[in-house]
Amino acid sequence: MKILALYLPQFHEVKENSEWWGENFTEWTSVKSAKPLYENHAQPVLPLNGYYYNLLDHSTMVWQEKLIKRSGLDGICIYHYWFKEGKQILEKPAENLLRWKDIDINFCFSWANETWARTWSGLSERNTWASLFETTTNSENGILLEQKYGNEKEWERHFEYLLPFFRDERYIKIGNKPVMEFHKLKDISCFENMIEMWNDLAYKNGFEGIFAIGNQPRLSQEKSLQMKYICQPGIAMQQVRCDYINGIKCFDYDDVWRNILSEDFQKGSVGAFVNYDDTPRHGNNGSVIINASSEKMKIYLSKLIERNEQSGREIMFVNAWNEWGEGMHLEPDEENRYAYLDAISDAIYKKGNDEKIFSPRLLGLDEYKQLEQDLEKERLLRDLLDKWIQILKSPNRFRNYVKDLGIIGVYGYGILGKHIVDELLMSGCDVRCVIDRRNIQECPVPIFKLDNELPELNTMIVTATYEYGFIYEMIRRKNKKIRILSIEYIIKELL
C-alpha cells in the first residue's frame, strides 16, 4: 500500500491572489495573521527557523524531497485546480516538478474541483483575513473562479494537459493506471461520461486506464471508480462530541481518531490526519482539535495503516503535508520541530506501536449516515429546482442547448422530470418517451420501463440525478450509442 500526503501548492504568489487580496498574498499571509483565541491556544504557528518558503524555488523542492524521504511516505498528492474552460491557478509548482527531473518526489494529482468564492460575503462562512486583505476587485455573486465541466472537447483538453505528468516516471500509478483523485466527486454530475472518455484516451496512450479515486462519492458513482476514499478529519468531526472554549468549536483528538478507526474499512480507503486548527482561515468561526500529540498520532496512524492494508487498499492519504492554514502539516514547526514527521515514519515502519485503542463516543453512526444521505438527496433536489427556476427566467438558454439533441428520452418523471418534459415539448423537441420505475397515470409522452424495448433515441436526459451513476450504467448496457446527460450537469452548465 502506498501512503501519500495531500499537498497544497498555494505557497507562492500569483496574479489572481494579488488582484483579490493585495500584493504578495500567499497562504503564509493567513498563517502569519492568526491570533490566539483562548488561553493556551497555540497560534500563530511558526515554521521551523522562520522558513516561509516559496514553492517556485528549486531549493524549496530539494528541501521537501529530503523531508519526504525522512518521513517514509511514498509521495505526495498535489491539489490540481482546473476550472471553467480550462482556467488554471497554482499550477506552477507541479509544472516545475515535471521539469525538474533531479527532484526525486513521487506524486499524483487530486482535482480540487470547487468553485472559488468570497465565502465570507454572506454566501457561506466568513474568513478571518478578509477585512485586512480584500481588495476593491469585485466579482459577480462573490465568485472568483467558477467550476464548470464543459463538454467532451474540454474533457479531452484537460486529459491532454495531464498526459505529460502521467508519462513521467515519478507519477504514481497502480497497475499502469495513473492515479487521479477527485476531491469533490459528488459535484461532478458528468463524471461517468468524462471518466469513460479518459479511460479510452489513457488506453490510446499506452496506459491501462485511469486509477480513479473518489472522495466520498455518491453511491451511484462508485462503480466508475477504482477506489473510494474517506477524507478525514472532516467526517469524524461531524460525528463526535463538540465542546466550546471561548466560543470556539473544539473536538478531542482521541475522539476524532477513535471515530476514524470505527469506520467500515470495506467501504474504501480511510484517510489519516495530522492535527487540525482552521482558525487562521476562519477566526472565531473556526474549529480546533485539541489534546493532539505526535505520540498519539503515531499510535493511531499505525493502527489505521494496518486496517487499510488488511482491507486490500492500494493507497492511503494523510491530510496533509502542508495545510498550515488548517493546522494539518507534517513539515516542521517551532513547537513540534520534526516530531510529527518522525511519528509518521515510526508508524509506517511499526516502531513502538501501542494497542490501546478504545471505542469512540459516537452520535449513532449508522443512523447518522442514513439520515445524512436522505438529507443530501433532498438538498440536491431543492438546489436543482431553485436553479431550474433561474433558468426559466431566460428560457432560450435551455432551448438553445437542447435543440440539437435529436430524438430525446427522459429518465425519471418526478417533480423535476415533469418540469423538464414540459419545457422540452414547449421547445419543440422530439420527446419520444419517459422512463420511470413507477406506474405513471398521466404523461404527455409514452411511459416505458427500462427493461422495455425502447424507441430509437439519440439522447437520454436523466433527471434522477442522485442515482445517475447506476442509471448511466444500465442505459449503457442497453444502448452503447445513445448520448446520456444528467439534468444536473445541464443545469449547472447553463447557469
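## A walk through a predicted protein model

About 21800 Å² of the protein is exposed, and carbon and sulfur atoms supply 46% of that area. Please keep in mind as you look around that this is a predicted model.

**The overall build**

Let us begin with the whole chain. Its secondary structure comes to 17 helices and 22 strands. Along the principal axes, the C-alpha trace spans about 70 × 55 × 50 Å. How does the radius of gyration agree with that of a compact globule? For 495 residues a compact globule would come out near 23 Å, and the protein has 24 Å, so the two agree.

Burial and contacts add to this picture. Of the 495 residues, 56% count as buried. Among contacts with a separation of 6 or more, 75% are accounted for by residues 24 or more positions apart. As for charge, the protein carries 63 positive and 75 negative charges, and the mean positions of these two sets are 3 Å apart.

**Backbone details in the loops**

Next come some spots where the backbone deserves a look. Two of them are cis peptide bonds. One runs from Gln 232 to Pro 233, with omega near 20°; Pro 233 has its place in the loop between β9 (227–230) and α8 (234–237). Another cis bond runs from Asn 319 to Ala 320, with omega near 15°. Ala 320 sits in the loop that joins β15 (315–319) to β16 (322–323).

Which residues other than glycine have a positive phi? Asn 176, with phi of about 60°, and Asn 246, with phi near 50°, are examples. Asn 176 belongs to the loop between β6 (173–174) and β7 (177–182), while Asn 246 is found between β10 (243–245) and β11 (248–252).

Are these asparagines buried or exposed? Asn 176 is partly exposed, because its relative accessible area is 33%, a value between the cut-offs of 20% and 50%. Asn 246 has a relative accessible area of 61%, so this residue counts as exposed, the cut-off being over 50%.

Here are the relative accessible areas for these asparagines, along with a lysine that we meet further on.

| Residue | Relative accessible area | Class |
|---|---|---|
| Asn 176 | 33% | partly exposed |
| Asn 246 | 61% | exposed |
| Lys 32 | 49% | partly exposed |

**Helix α15**

Helix α15 covers residues 415–426. How far apart are its end C-alpha atoms? They are 17 Å apart; at 1.5 Å a residue, the 12 residues should span 16 Å, so the helix agrees with expectation. The buried residues of α15 are Leu 416, Gly 417, Ile 420, Val 421, Glu 423 and Leu 424. Note that Glu 423 is on that list. After α15 comes Gly 428, whose phi is positive, near 80°.

**Lys 32 and its surroundings**

Our last stop is Lys 32, which lies in helix α2 (residues 27–33). Lys 32 is partly exposed, because its relative accessible area is 49%, which is under the 50% that an exposed residue must pass. What does Lys 32 touch, not counting residues up to four places away in sequence? Its contacts are Pro 44 and Tyr 52. Lys 32 can also be set beside Pro 280: the two are 248 residues apart in sequence, yet their C-alpha atoms are 8.1 Å apart in space.

How values were computed. Residues are numbered from 1 along each chain as its sequence is written. This is a predicted model: local features need pLDDT of at least 70, side-chain atom pairs count only at pLDDT 80 or more; totals for chains, interfaces and linings use all residues. Side-chain values use heavy atoms; hydrogens and water are left out. Helices (H or I, at least four residues) and strands (E, at least two) are DSSP runs, numbered from the N terminus. The radius of gyration is taken over C-alpha atoms; the globule rule is 2.2 Å times the number of residues to the power 0.38. Buried means under 20% relative accessible area, exposed over 50%, partly exposed in between (1.4 Å probe, protein chains only). Contact means heavy atoms within 4.5 Å. Accessible areas come from the Shrake-Rupley method with a 1.4 Å probe; for residues, only the protein chains shown count as cover. Lys and Arg count as positive and Asp and Glu as negative; His and the chain ends are not counted. The place of a charge is taken as NZ of Lys, CZ of Arg, CG of Asp or CD of Glu. The expected span of a helix is 1.5 Å times one less than its number of residues.
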